[in-house]
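These are my notes from going through the model. I took the ligand, then a sheet, then one residue in a loop.

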Amino acid sequence: MKKDELKMQDRYNSGEKWRPLYHFTAPRGWINDPNGLIFYKGRYHLFYQYNPKSCDWGAPSWGHAVSDDMIHWEDLPVALTPDKPYEAHPEGGCFSGCAVEKDGTLYIFYTAVAKSDGKIVQTQCLVTSADGIHFEKHPANPLIREAPEGVKGDFRDPKVFAVGSKWYMVVGASIGEADHGGDGRIFLYESEDLLSWTYRGAILKSEGKMGTMFECPDLFEINGKWVLTCSPMNHPDYNKALYCVGDMDFEKGEFHIEKTGNLDYGSDFYAPQSFVDKHGNRVIIAWQNGWLWMPWCENWGPTGMEGWRGVLSVPKKLTLLQDLSLSVYPVEEMNVLLKPEQKETDFLVDKTRHYFDLTDSRSCYLKFRINGSRVAARNLEIGLFGEEERCVLITLDLIGGIVVLDTRHSASYNGRVINCPFDSASGQIELEIFVDRSCVELYLEHGKYCITTNVYPDEKQNKIWICTPYKTAVIDELEIGTINNMWENSPAVEISEKTI
Ligand code: FRU
């Protein structure tokens, strides 16, 4: 990788055609999971799995950025680098983890990965910081050296949280080996002081049904219910962002599932981590890519040619709905970036493509409110990144209750067809689409159903259109606009109250 690191502003002025404008990317090199998300001493901290030396994964450091509003980020120096015997190995490093605050000190928990006797060893370690800028690895590391019985090596991604006066940690694991038919587990640990940890049991067991390893687990409460999330490896339905809603019994160390679901049906939404924003909302950020072990992931696309690889999702608020499902939708702070350009009511669509006129159709949003009874056509077709016959094709089937996103004809990388169900019975449908250079996100019913995926179109693929395959459709309300980049002309926003 020859290119120099790019400062935040320059990343968006760089002429790199796939570099997103409002999704976080690293200055240079490789990025994967978001780590250590926290609102600490008045600022949001975002850490991430980082390889500044290459566009391929390699012994991760923790990159670091801060923000006043979760939207405009400022780079800080790399926070953790693998330099201790328990993490210094080419296949090791400082793997994913989390952050909590206690008495003004920032405690960062992460998985240190090393090799001993030819075997990968994953242990849970601690770093502290008094200011959120300078970090010290704890002398008692590794705090958790031994994995529970049956674990052969996959034991990682601690997420710590407080309940009353106690601290808890969930850790993802596999009984057996993740890559060879292992069985996913989420283990629970308990602590009084954040230093000494007691094993309390497995709160989620795949038992052959949910995947061979649960990466990046998280456990938190929303409106009186407990939510357990993780990214399963080899889930039978390819669910990469699993959530379970239910009740947590900390006395017995048991989680009782009432509902399970998928936070995102797209190909590029993995390892989400949650935190509480300054208003008390539960917010998640995910790594917006996938691993090559995923059957649909052939490669990571061409952005390595531009000297960077990997995107983080925008921060999204989680809301628990009445039927115990979750909705996932960009935080309100993001509205400051939206520049509305056209609003219509009773907009008639027919077989002839209608091309929308946008200042920047490669960084934009489209919002549709549709009343199914006014759609004679059954399907609506929307083309993004269009140029002649090339486009990302979205087909909304209003009777079948399914939205299909087809990227096979948009560029020569990783063409996929993604299907996502939604409730069509009510007849009232809200579809929102966000586009950002190489990122496409779809939200139905305000995030009850989501698709996040990456595409790598040419610059001249810049048309957006809508039509029906036959007959007509009337769209009750339509709003389109462009989306500003995350640093230019945008003061930090202040949202006055909790928005749950
Ligand atoms: C998830 C993951 C984690 C691990 C990290 C390594 O994407 O595999 O389980 O800690 O990435 O970079």
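By polar contact I mean a pair of N or O atoms within 3.5 Å. I applied this to Gln49 first: one of its polar side-chain atoms lies 2.7 Å from an oxygen atom of the ligand. The model is a predicted one, and every value below is computed from it.

Entry 1, ligand. I looked up which residues surround the ligand. They are Asn32, Asp33, Gln49, Trp57, Pro60, Phe95, Ser96, Arg156, Asp157, Glu215, Tyr270 and Trp291. Arg156 also places a polar side-chain atom by an oxygen atom of the ligand, at 2.8 Å. With Ser96 the atom is a backbone N or O, and the distance to a ligand oxygen is 3.1 Å.

Entry 2, sheet. I followed Tyr270 from the ligand list to the sheet that includes strand S17 (270–276). Four strands make up this open sheet, in the order S17-S18-S20-S21, with antiparallel pairing. S17 and strand S21 (326–330) are the edge strands, each pairing on one side only. On average, neighbouring strands are turned by 35 degrees against each other, direction ignored.

I checked whether S17 is mostly covered or open. It is mostly covered, with 6 of its 7 residues buried. S17 pairs with strand S18 (residues 282–287) over 5 bridges, in the antiparallel sense. Within this pair, Ser274 stands opposite Ile284. The two strands form a hairpin with 5 residues between them. In the turn I noted Gly280, which has a positive phi of about 95 degrees.

At the other edge, S21 pairs with strand S20 (residues 316–320), again antiparallel and over 5 bridges. The bridge partner of Lys316 in S21 is Pro330.

Entry 3, His446. I found this residue in the loop between strand S30 (439–444) and strand S31 (449–454). Is His446 buried, exposed or partly exposed? Its relative accessible area is 40%, so I entered His446 as partly exposed; the class runs between 20% and 50%. Leaving aside neighbours within four places in sequence, His446 is in contact with Ser327, Val328, Tyr329, Glu430 and Glu432. Ser327, Val328 and Tyr329 fall within the range of S21 (326–330). I also took a C-alpha separation: His446 and Lys463, 17 residues apart along the chain, are 25 Å from each other.

Entry 4, confidence. The chain has a mean pLDDT of 93, and 97% of its residues reach 70 or more. Over residues 495–500 the pLDDT is below 50, and this stretch has 14 contacts in the model beyond near neighbours in sequence. Where pLDDT is low, predicted coordinates should not be read in detail.

Note on methods:
Residues are numbered from 1 along each chain as its sequence is written. This is a predicted model: local features need pLDDT of at least 70, side-chain atom pairs count only at pLDDT 80 or more; totals for chains, interfaces and linings use all residues. Side-chain values use heavy atoms; hydrogens and water are left out. Buried means under 20% relative accessible area, exposed over 50%, partly exposed in between (1.4 Å probe, protein chains only). Contact means heavy atoms within 4.5 Å. pLDDT is the predictor's confidence in each residue, from 0 to 100. Two strands pair if DSSP finds at least two bridges between them. Axes are lines fitted to C-alpha atoms, for helices over the stretch in contact, and angles run from 0 to 180 degrees between N-to-C directions. A residue is near a molecule or strand if one of its heavy atoms lies within 4 Å of it. A polar contact is a pair of N or O atoms within 3.5 Å; within protein, one must be able to donate a hydrogen and the other to accept it, and residues adjacent in sequence count only if both atoms are side-chain atoms.
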